There are 2 protein chains.
Amino acid sequence: MKSAAPAQASRDEAAPFYDLIELFFFAYRDFVGDADRLLETYGFGRAHHRVLHFVSRQPGLTIAELLDILKITKQSLNRVLKELVAKSFIEARAGAQDRRHRQLFTTAKGSRLARDLALLQTKRFARAMEGLGPEGRERAFDFLLAMVDPHERGRVMELIGMKNPERGA
Amino acid sequence: MKSAAPAQASRDEAAPFYDLIELFFFAYRDFVGDADRLLETYGFGRAHHRVLHFVSRQPGLTIAELLDILKITKQSLNRVLKELVAKSFIEARAGAQDRRHRQLFTTAKGSRLARDLALLQTKRFARAMEGLGPEGRERAFDFLLAMVDPHERGRVMELIGMKNPERGA
DNA sequence: GAAAATATGTCAACATTGCTGACGTAATTG
DNA sequence: CAATTACGTCAGCAATGTTGACATATTTTC
């Protein structure tokens, strides 16, 4: 009676994917754990990592753009950004065109740490790929992208450099 | 001069997998975001979710076992567990054999919420699978498992019910 | 050029969820 | 009965998120 569908009502009665849910949880925990351990030696946390990462990936980023990526408040960002600047991992300069903007750049020290962190996490991906055959990387890419909110995918694709932001073209 | 390896030294000079690193970050954020919104309506956070989830999955779990899964301190656990019990989402009974143990069970209300949360997250997986072909689920499983620390995989496999804990066999 | 809007910084207070350390109590074990 | 085990609890601290209010510099607009 409930519904006309005998097999499964769009997934309301079907069994949850407990395995994937739990695997995603453990996989992500181990993934960030790699970075956590290195960050600790600098007195930094995950929040610092995220800021350092995106600044290193997009030198010249402004505060507003960074806030938009991280989706936190300026107060939260400022707390960690201040430390990163104080410890000379990041530099802020007045915007080239609009001097109200602050453009963020990693210093040599900051670039090094950002790269080391990325390489740590890359190592985990690389080890995972070894057990997954030659197409593992593409499949991981496709799976992860498919897990992102559909209306966020465009922005994410731009971020990771897979899409031209339609500038001059 | 740097090293003898011209192609790439085990991945020390190779380009980091920035795309996967960032995709994993955004995918996981959206994944937990689904649950966050529902939890908020109950005044619960992610910590409550994890406790409710594992108790619902393994009724009769003891405090020590739960601590071992979550890898947090008993004080952290107790804080959220106390609320879940107070609000009647979880029940704690003295252990059957050893009365020092507390065995945890979800109430009807707790089971319902746990299932709703799992279904929300399952929906995201299911939508992702639609774009990935028939083998998407297995590939996602394999990828996620491969991302887990190798020495943790056995435990995780048991948790998700893919491995007999070698009891009577 | 004065006024309004924009980009950012900062202060204060609070919530969630980790942590450590110390101590208490009930139940079991030796 | 003493020691161990399993758990609960109190107190305090840290990281990182939040709101709200207000200051300052710069650019835009009328």
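These are my notebook entries on a DNA surface, a pocket and the sheets of a predicted model.

**Entry 1: DNA strand D**

I began with the protein around DNA strand D. I listed 25 residues around the strand. A:R50, A:Q75, A:S76, A:R79 and B:K74 come nearest. Both chains A and B appear in that short list.

Next I sorted these surface residues by class. I got 11 charged, 10 polar and 4 nonpolar residues.

Which part of the DNA faces the protein, sugar and phosphate or bases? I took the atoms of DNA strand D within 4 Å of the protein. Sugar or phosphate accounts for 60% of them, and bases for the rest.

Then I looked up single contacts. A:R79 has a polar side-chain atom 2.4 Å from a base nitrogen of DNA strand D. For A:R100, a polar side-chain atom lies 3.4 Å from a sugar or linking oxygen of the strand. B:N78 places a polar side-chain atom 3.1 Å from a phosphate oxygen of DNA strand D. I then asked which elements give two or more residues to this surface. In chain A they are α2 (46-57) and α4 (74-86). In chain B they are α3 (63-70) and α4 (74-86).

**Entry 2: the largest pocket**

I moved on to the largest pocket. Its space comes to about 1,200 Å³. I found 46 residues in the lining. Nearest the centre lie A:Y28, A:R46, B:Y28, B:V32 and B:R46. Helices α1 (18-40), α2 and α4 of chain A each give two or more residues to the lining. So do α1 (18-40), α2 (46-57) and α4 of chain B.

By class, I noted 24 nonpolar, 14 charged and 8 polar residues in this lining.

**Entry 3: the sheet of chain A**

I turned to the strands. Chain A has an open sheet of 3 strands in the order β1-β3-β2, paired antiparallel. Why does one side of β1 and of β2 lack a neighbour in the sheet? Both β1 (61-62) and β2 (90-94) of chain A stand at the edges with a single partner strand each, so one side of each is left without a neighbour.

I checked one pairing more closely. β1(A) and β3 (residues 102-106) of chain A run antiparallel and are joined by 2 bridges. A:T62 stands opposite A:Q103 in β3(A).

**Entry 4: strands of chain B**

I repeated the search in chain B. β1 (residues 61-62) pairs with β3 (residues 102-106) in the antiparallel sense over 2 bridges. There, B:L61 has B:L104 as its bridge partner.

β2 (residues 90-94) of chain B also runs antiparallel to β3(B), with 5 bridges. B:I90 has its bridge partner in B:T106 of β3(B).

As a general reminder, I noted that strands of a sheet pair through backbone hydrogen bonds.

Technical notes
Residues are numbered from 1 along each chain as its sequence is written. Chains are lettered from A and ligands numbered from 1 in the order in which they are written. This is a predicted model: local features need pLDDT of at least 70, side-chain atom pairs count only at pLDDT 80 or more; totals for chains, interfaces and linings use all residues. Side-chain values use heavy atoms; hydrogens and water are left out. A residue is near a molecule or strand if one of its heavy atoms lies within 4 Å of it. A polar contact is a pair of N or O atoms within 3.5 Å; within protein, one must be able to donate a hydrogen and the other to accept it, and residues adjacent in sequence count only if both atoms are side-chain atoms. Helices (H or I, at least four residues) and strands (E, at least two) are DSSP runs, numbered from the N terminus. Ala, Val, Leu, Ile, Met, Phe, Trp, Tyr, Cys and Pro count as nonpolar, Asp, Glu, Lys and Arg as charged, and the others, Gly among them, as polar. Two strands pair if DSSP finds at least two bridges between them. On a 1 Å grid over the protein atoms alone, a cavity is a set of points where a 1.4 Å probe fits but cannot get out, and a pocket is an open set with protein on both sides within 12 Å along at least five of seven lines; lining residues have an atom within 4 Å of a point. Grid points are joined across faces, edges and corners, and a volume is the space filled by probe spheres set on the points.
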